[in-house]
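Hi everyone, thanks for coming. Please have a look at the model on the screen while I talk you through a few of its features.

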Amino acid sequence: MPFDNPGQAGTARRSEWDRRIRRTSDLAERYSPAAEILTFYRHVLEFQRAIYQEVSSRAALFDTVPGGLRQQLDATICMRHLPALLELVAHNGTKKLRQDGQELQALSPEQQRATLEAFLASPPEQSHSFFARALVQPYAEWLAAAYPAQPPGSSGSACPVCGGRPQAAVLRPEGDGGKRYLLCSFCLTEWEFRRVLCPSCGEENHQKLPRYSAEDLKGIRVEACDTCHFYVKSIDLTVDGRAVPLVDEVAFATLDVWATEHSYKKVQPNLMGF
Ligand SMILES: [Zn+2]
Ligand SMILES: [Zn+2]
């Protein structure tokens, strides 16, 4: 989505955070097994929206740098929001996250910052920290708006903006069918990707790319690969146009259970850790 000025991008994407938040409530009502995780995720998204609002009000940030988006992330900005995130997790988080939060809280500010910087410097496949990811996602999404989401000729499985790994596949209506995109786990950019192609190893033989969907869950499925044994979940907007990929991917964890039981490994765990 090209924008002529940062204000335009900021407004459009702020409303995207509202849409994500609304979707957690809609899904929690319709799909009770996910109600608890979606309630927590709603709190996290509200927190992330506040970060997004702060960074997007600083128009000077809206620029690209030669080293790329990751070089632009300022740990000081993220650190300002850490106390609020720790408080949110202490009140609403899972037992495991509350424990992790207490450990993080016990560190000195310098050590906390070093933890965040280590996350930013680590290769994408090792970037699993809930706290670092929650802080960085909205900031990275804002910075990503300045970069071309699909440079000509790019079709790789790493995010063309930040090099991140895909969180999910998304099918968007196009003509009579759907076009496939991958959603970046780090900066939330979507980029176009071939429909019959493994985003982990590049397998393109459709017989080695099994699909699995649950009877009662329309519009979301597992897209696995029998060559590398990785999978992503795919959200099909041609089936449910109200789906919000980032949120729907978190809600339907039963498909992750199925995939794990069948010895597939996720390309990238989501923010909630599965
Ligand atoms: Zn990215
Ligand atoms: Zn593969």
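I'll start with the whole chain, then turn to some helices and finally to a few loop residues.

First, some housekeeping: this is a predicted model, so to speak of local features we ask for pLDDT of at least 70, side-chain atom pairs count only at pLDDT 80 or more, and totals for chains, interfaces and linings use all residues. Residues are numbered from 1 along each chain as its sequence is written, and chains are lettered from A and ligands numbered from 1 in the order in which they are written.

The chain has nine helices and seven strands; these are DSSP runs, numbered from the N terminus, with helices being H or I of at least four residues and strands E of at least two. Of the 274 residues, 36% are buried, where buried means 20 or more other C-beta atoms within 10 Å of a residue's own, exposed means 12 or fewer, partly exposed is in between, and C-beta atoms are placed from the backbone.

Now to helix H4, residues 75–92. Does its length come out longer, shorter or as expected? Its 18 residues should span 26 Å at 1.5 Å a residue, and the end C-alpha atoms are 25 Å apart, which agrees. The expected span is 1.5 Å times one less than the number of residues. H4 also has a kink of about 35° at Leu 82, shortly before Pro 83; that bend is the angle between axes fitted to the seven residues ending there and the seven starting there.

Which residues of H4 are buried? They are Cys 78, Leu 82, Leu 85 and Val 89. They pack against helices H2 (35–56), H5 (95–105), H6 (109–121) and H7 (130–144), with contact meaning C-beta atoms, placed from the backbone, within 7 Å.

On to the loops. Arg 165 lies in the loop between H7 and strand S1 (166–174). Arg 165 is buried, because 23 other C-beta atoms lie within 10 Å. Beyond residues up to four places away in sequence, Arg 165 touches Pro 124, Glu 125, Ala 158, Ser 185, Val 267 and Gln 268. Its C-alpha atom is 5.9 Å from that of Cys 184, 19 residues apart along the chain.

Finally, Leu 188, between strands S2 (177–184) and S3 (190–192), has a positive phi of about 65° although it is not a glycine. Leu 188 is buried, with 23 other C-beta atoms within 10 Å.

How values were computed. Contact = placed C-beta atoms within 7 Å.
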